[in-house]
Amino acid sequence: MENRDQGAAQNHACASCKQQRRKCDETCEMAPYFPASRYSEFQNAHKIFGVSNIQKIMAMAAPDQRQAAAESILTEGNARKNDPVNGCLGIIRGLNAQIRGLERELHITKQHLELCKEKEELDGKKNQSKEEDLQHDQSDGLNFPSQILPDLARL
């Protein structure tokens, strides 16, 4: 049963051949990059570039870059379907806006953190001076009667 399923999968035309309504065989150069399972995505790219331009782009790409080129073509086709005016540029602009917003948020958070650190340092200094004042008051309080009322200190 698996052999039949594999054979059926092998007989399916790639997205490019299916779009052109031609038979796809094992020598098809587009099949590895545009499988039949991605036909709807290929249709989106076809509307933007056309099959002949897609084939030219793929032929100009270095063999090790063809998969990336195919993904770029499909991505642009999908982006243009969702945003016909801006396509991928709209996605890039949206991501850049997010980055700028997050950078502003990070800057504000860093400022807030600095303020918290400064407040903590000030509070620490205040507590330290309060403790020193308290120690000073306590030591003065013990010596105070002996200086003014020396007779009572001896009792």
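This tour moves through selected residues of a predicted model, from helix α5 to a charged patch on helix α6. Local features require pLDDT of at least 70 and side-chain atom pairs count only at pLDDT 80 or more, while totals for chains, interfaces and linings use all residues. Residues are numbered from 1 along each chain as its sequence is written, and side-chain values use heavy atoms, with hydrogens and water left out.

Select Ala-79 in helix α5, which spans residues 66-82; helices are DSSP runs of H or I with at least four residues, numbered from the N terminus. Ala-79 has a relative accessible area of 5% and is therefore buried (buried: under 20%; exposed: over 50%; partly exposed: in between; 1.4 Å probe, protein chains only). Leaving out residues up to four places away in sequence, Ala-79 touches Gly-87, Cys-88 and Ile-91, where contact means heavy atoms within 4.5 Å. Add Gly-90: its C-alpha is 8.4 Å from that of Ala-79, at a separation of 11 residues in sequence.

Next, select Glu-76, also in helix α5. Glu-76 is buried because its relative accessible area is 17%. Beyond neighbours within four places in sequence, its contacts are Phe-49, Gly-87 and Cys-88.

Finally, go to Glu-118 in helix α6, residues 88-148. Its relative accessibility is 44%, so Glu-118 counts as partly exposed. Select Glu-114, Glu-120 and Glu-121 with Glu-118 to display a negative surface patch. Patch members have over 30% relative accessible area and no salt bridge, with like charges joined within 9 Å and nonpolar side chains (Val, Leu, Ile, Met, Phe, Trp, Tyr) within 5 Å; a salt bridge is a side-chain nitrogen of Lys or Arg within 4 Å of a carboxyl oxygen of Asp or Glu.

Key: Areas by Shrake-Rupley, 256 points an atom, 1.4 Å probe, with all protein chains shown as cover. Lys, Arg positive; Asp, Glu negative; His and termini not counted. Charge placed at Lys NZ, Arg CZ, Asp CG, Glu CD. Helix = DSSP H or I, 4+ residues; strand = E, 2+ residues; numbered from the N terminus.
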